[in-house]
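Me: Could you take me on a close walk through one strand and its pairing partners? After that, I'd like to hear about the main nonpolar core and the sheet that goes with it.

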Amino acid sequence: MTAHPAIRNASAGVAMAAVLFGTLSPAFATCLWQTGQLPNDGSSEVPVSIRAFSSSDIWVANDAERALLHWNGIAWSAVAIPVNTPPNTGLFALAVTGTSDNDLWIDATFRSETDQYSKSLHFDGNRWTVTRMPSGFPARNICPGQGEGPFMSAMQSFGLSDVWATGEVCHVVQGKDVFEAISEHWDGSKWNILPMAAPLKFSPFSLPADMSGTSDHDIWVVGEQSVIEHFNGKRWSISSPYERFNDLFEGMFAIAPNDVWVVGLVPRTGNPGSQSRTFAAHWDGELWLQVPTPNEDGQNAQRANDLHAVSGSASNDLWA
């Protein structure tokens, strides 16, 4: 089966550039990064999403055999998810969100040798609940290998009855596989599909890469193929001048409605020996403008440089 982008990117290496836009304040001047070992029992660990509620309560979605990891302030541990899976099917995770460890959501990916599809899993502090996510198409029209329908890749929670997810669904049109972006909203009792802006169709496995927002009427989704969509509380619309950007988007972070960042990479050029370059752009409420970013090897372009994610506390305290 063709590798999913999250698997492909992670297996290609974990080398990432750490970039700060702006100047560190004195309070952060003495802060240092520390590395910590994830639990290792011989299983591969591919962390792809993280949600921190406090310094001793951090959750990681793990696109590997152990889908969910937890940090209790002292050590990492794998969290057992007591959910029945079909024979020869593994449960993986591509996203984790929530408001507390009594309101935790993960995008659960059920993957076998022949199928992959998503369901949402919610933990209320006592038990896990599995909810099927609709695809919007009859089962007979879903592409072979796509199981029950959608394949979700990012989530954002604003409350118990206000959770968002995005991904892709593959359906057959006139004998051809067509991949389309899909967004869904949890209203407290069920998932509802909200159509994304057309024409947002992807080549296979070029699904939406990240989701971020400040409220349920200010949500952003970034797609790998230079596409950004925005939800204003009523409908989705395409925001990015994607015909101008020759890049791949991978991460997004919204600080305010007029302060949104996206990061990724500019693919290698045709020059022999050239490699990908880092990329960042900023939304000021009216325009997307590219922002210069450093690369680990400077201007030599001999090593691949790529930004996968971005977050921060303000426009002058941003990390990627």
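**A close look at β16**

Reply: Start with a single pair: S215 stands opposite D218 in β16. Keep in mind that this is a predicted model, where local features need pLDDT of at least 70, side-chain atom pairs count only at pLDDT 80 or more, and totals for chains, interfaces and linings use all residues. Residues are numbered from 1 along each chain as its sequence is written, and side-chain values use heavy atoms, leaving out hydrogens and water.

β16 covers residues 218-223 (strands are DSSP runs of E, at least two residues, numbered from the N terminus). It's mostly covered, with 6 of its 6 residues buried (under 20% relative accessible area with a 1.4 Å probe, protein chains only). D218, W220 and V222 point one way, while I219, V221 and G223 point the other. That fits the usual picture: in a regular strand, side chains alternate between the two faces of the sheet. Here, both sets are buried.

Now for the partners (two strands pair if DSSP finds at least two bridges between them). β15, residues 208-215, runs antiparallel to β16, and 6 bridges join them. These two make a hairpin with 2 residues in between. β16 also pairs with β17, residues 227-231, again in the antiparallel sense, over 5 bridges. In that pairing, W220 sits opposite H230.

On to the core. The largest nonpolar core (buried Ala, Val, Leu, Ile, Met, Phe, Trp, Tyr and Cys residues joined through side-chain atoms within 4.5 Å) has 17 residues. L68, I81, L91, I106, L121 and W128 have the most contacts inside it. Two or more residues each come from β3 (57-62), β6 (90-100), β7 (103-111) and β8 (116-123). β7 gives the most, with 4 residues. If you want one residue to click on, try I81: leaving aside residues up to four places away in sequence, it touches A67, L68, L91, I106, L121 and W128 (heavy atoms within 4.5 Å).

Finally, the sheet: an open one of 4 strands, in the order β6-β7-β8-β9, with antiparallel pairing. β6 and β9 (128-132) are the edge strands, each pairing on one side only. Neighbouring strands are turned by 25° against each other on average, direction ignored (axes are lines fitted to C-alpha atoms, and angles run from 0 to 180 degrees between N-to-C directions). β6 and β7 are joined in the antiparallel sense over 9 bridges, and V96 has I106 in β7 as its bridge partner.

Methods. Buried means under 20% relative accessible area, exposed over 50%, partly exposed in between (1.4 Å probe, protein chains only).
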